[in-house]
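Please look through the sequence and the coordinates together before reading on. The paragraphs below go from one helix to the cores, the sheet and the aromatic rings.

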Amino acid sequence: DNFSSPGSVNGWSNKSVVTEFILLGLSSSQELQLFLFLIFSVFYGAAVLGNILIILIVITDSRLHSPMYFLLSNLSFIDVCQATFATPKMIADFLSKHKTITFQGCMSQIFFLHVFGGSEMVLLVAMAYDRYIAICKPLHYMTIMSRKVCAILVGVSWAIGILHSSSHLAFTVDLPFCGPNKVDNFFCDLPLVIKLACLDTYVLEILVLTNSGLLSLICFLLLLISYTVILATVHRQSPGGTSKALSTLSAHITVVVLFFGPLIFIYIWPFESFPIDKFISVFFTVFTPFLNPMIYTLRNKDVKEAMKKLRNQHVGSKEVF
């Protein structure tokens, strides 16, 4: 039974309250679901292992004990969380006929999606600031980007993420859900869940758009300004150094484009449903955490050397035994 019937919910008397939601997932085809189960199991495993490997390398290799890699390891931690809040359930649901999630589980997914998404946005800004100081004020880099400052930047990113998510959840959790309970995605996406409430949700939709859109826009503009200032400074100091700076920043810029690209599409048509919406959700929750460690390892000499050292140590320890 998906409904219970209290006497009143937020003034909505004699209405049933939804106790679970049905997730329609990515496909209704049984054969396709088995294929997707295998594909997403591989991608999820690779995303988690890749990001954990980066965290371990940064912790164990003393050459990577610098502000940039401290922030990178925190990005990898957020990516592990981002990949894990909904993907394991999606993978399990591929093998299940009844794809349901409890009301509490649904609210948890909404909360964690916006915590990790909001935190990652702010952390990307912190990483851009780190590159700005490193390239434009190299002599003061270690003084400005002290361990305390790095810890504050990470703490602020999590605080903003939690605050951003809590502001969404504050009004969502008390909405009267009194009948429709089918969410056309593989997790509880906030705009889709709000649409199921038994009231006119236009104002709430605008609130959601303003809250998420404002944070995304501020972070995106700060990133744009940071990278523009960096490239302009390098070009002014050494006209030939722009391409070298671009090469150094390429991994950061690629990650920013991969993160904000889908968001821009979402905010252009926030409450319209398109077939591509599910692909964007998959890209955001599975492929971005999978691609980030690949981008940073393929384009970063220090990380590649640290990985080679770790592999040689592992091979050496095997030979000893």
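How many of the 34 residues of α4 are buried? The model is predicted, so local features need pLDDT of at least 70 and side-chain atom pairs count only at pLDDT 80 or more, while totals for chains, interfaces and linings use all residues. Residues are numbered from 1 along each chain as its sequence is written, and side-chain values use heavy atoms, with hydrogens and water left out. The answer is that 26 of the 34 residues of α4 are buried, so this helix is largely enclosed by the rest of the structure; buried means under 20% relative accessible area, exposed over 50% and partly exposed in between, with a 1.4 Å probe and protein chains only. Helices (H or I, at least four residues) and strands (E, at least two) are DSSP runs numbered from the N terminus. The end C-alpha atoms of α4 are 50 Å apart, which agrees with the 50 Å that its 34 residues should span at 1.5 Å a residue, the expected span being 1.5 Å times one less than the number of residues.

Helix α4 (residues 103–136) also gives the largest share, 14 residues, of the largest nonpolar core, a core being a set of buried Ala, Val, Leu, Ile, Met, Phe, Trp, Tyr and Cys residues joined through side-chain atoms within 4.5 Å. Of the 66 residues in this core, Phe40, Leu124, Leu223 and Phe260 touch the most other members. Leaving aside residues up to four places away in sequence, Leu124 touches Leu75, Leu223, Val255, Phe259 and Phe260, where contact means heavy atoms within 4.5 Å. A second, separate core of 21 residues includes Phe21, Met107, Val183 and Leu204.

Turning to the sheet, three strands form an open, mixed arrangement in the order β6-β5-β7, strands being paired if DSSP finds at least two bridges between them. Strand β5 (residues 20–23) pairs with β6 in the antiparallel sense over three bridges, and Thr100 in β6 is the bridge partner of Ile22. Helix α4 packs on this sheet, touching β5 and β6, and its direction makes about 85° with that of β6; axes are lines fitted to C-alpha atoms, for helices over the stretch in contact, and angles run from 0 to 180 degrees between N-to-C directions.

Finally, the whole structure holds 18 aromatic pairs, in which rings of Phe, Tyr and Trp (its six-membered ring) have centres within 6.5 Å, with planes under 30 degrees apart counted as stacked, over 60 as edge-to-face and the rest as tilted. Phe77 and Trp158 form a tilted pair, 6.1 Å centre to centre with 55° between the planes.
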